[in-house]
Amino acid sequence: MDFITEINIAITKIETQLDQTNQRLAELEKDFTDVKLNPYGITTIDFQERQELLEDSTKMEGVIMGLNLAKDTYESTVAA
């Protein structure tokens with residue numbers, strides 16, 4: 001396999017993980033709106049999980065942008 005194919009495979013895998021993370025975030029947000037915020041409803045663990053998912057999502061978006069940049073740079077170098 002060539003370099004571009006390998007990068008495309010990596011991008012696809014990360015996008016799949018990102019979709020799963022975003023789905024879990026959507027579930028948490030729905031749960032948060034369904035439960036009144038009180039000491040016995042939503043726990044700090046729920047908020048911590050949400051925060052970790054948001055951080056993971058941001059990191060994955062950064063990785064995807066970096067891989068796309070690497071692919072574009074490689075393509076422009078090979079084309080030159």
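# Two helices and the contacts between them

Glu27 and Arg24 both belong to helix H1, where three residues, about one turn of the helix, separate them; helices here are DSSP runs of H or I with at least four residues, and strands are E runs of at least two, numbered from the N terminus. The model is a predicted one, in which local features need pLDDT of at least 70 and side-chain atom pairs count only at pLDDT 80 or more, while totals for chains, interfaces and linings use all residues. Residues are numbered from 1 along each chain as its sequence is written, and side-chain values rest on heavy atoms, with hydrogens and water left out.

## Salt bridges

Within helix H1, the side chains of Glu27 and Arg24 meet in a salt bridge with an N to O distance of 3.2 Å; the term requires a side-chain nitrogen of Lys or Arg within 4 Å of a carboxyl oxygen of Asp or Glu. A search of the whole structure finds three salt bridges. Arg24 also forms a salt bridge with Glu49, for which the closest N and O atoms are 3.0 Å apart. Because Arg24 lies in helix H1 and Glu49 in helix H2, this pair ties together parts that are 25 residues apart in sequence. Arg24, Glu27 and Glu49 are thus linked in a network of salt bridges.

Arg50, in turn, forms a salt bridge with Glu29, with the closest N and O atoms at 2.4 Å. This pair again links distant parts of the chain, with Arg50 in helix H2 and Glu29 in helix H1, 21 residues apart. Apart from residues up to four places away in sequence, Arg50 touches Leu25, Leu28, Glu29 and Phe32, where contact means heavy atoms within 4.5 Å. The C-alpha atoms of Arg50 and Thr21, which are 29 residues apart along the chain, are separated by 9.9 Å.

## Accessibility of selected residues

In the table below, buried means under 20% relative accessible area, exposed means over 50%, and partly exposed lies in between (1.4 Å probe, protein chains only).

| Residue | Relative accessible area | Class |
|---|---|---|
| Arg24 | 29% | partly exposed |
| Glu27 | 43% | partly exposed |
| Glu29 | 33% | partly exposed |
| Glu49 | 26% | partly exposed |
| Arg50 | 25% | partly exposed |
| Phe3 | 38% | partly exposed |
| Tyr74 | 36% | partly exposed |
| Val78 | 52% | exposed |
| Ser57 | 6% | buried |

## The nonpolar core and the residues beside Thr21

The largest nonpolar core has six residues, namely Ile7, Ile11, Ile14, Leu18, Met60 and Ile64. Helix H1 (3–34) and helix H2 each supply at least two residues of this core, and H1 gives the most to this core, with four residues. Such a core is a set of buried Ala, Val, Leu, Ile, Met, Phe, Trp, Tyr and Cys residues joined through side-chain atoms within 4.5 Å. In soluble globular proteins, nonpolar side chains tend to be buried together.

Met60, one of the core residues, is in contact with Ile14, Gln17, Leu18 and Thr21 once its neighbours within four places in sequence are set aside. Ser57 is placed in helix H2 and counts as buried at 6% relative accessibility. Not counting residues up to four places away in sequence, Ser57 touches Leu18, Thr21, Asn22 and Leu25. Thr21 and Leu18 are therefore found in the contact lists of both Ser57 and Met60.

## The aromatic pair and the surface patch

Across the whole structure, the search finds one aromatic pair. The ring centres of Phe3 and Tyr74 are 4.6 Å apart and the ring planes stand at 50°, so the pair is tilted. Phe3 lies in helix H1 and Tyr74 in helix H2, 71 residues apart, and the pair thereby links distant parts of the chain. Rings of Phe, Tyr and Trp (its six-membered ring) pair if their centres lie within 6.5 Å, and planes under 30 degrees apart count as stacked, over 60 as edge-to-face and the rest as tilted.

Together with Val78, Phe3 and Tyr74 form a nonpolar patch on the surface, with about 280 Å² of accessible area for the three together. Val78 is found in helix H2 (residues 44–79). Patches are made of residues with over 30% relative accessible area and no salt bridge, with like charges joined within 9 Å and nonpolar side chains (Val, Leu, Ile, Met, Phe, Trp, Tyr) within 5 Å. Accessible areas come from the Shrake-Rupley method with a 1.4 Å probe, and for residues only the protein chains shown count as cover.
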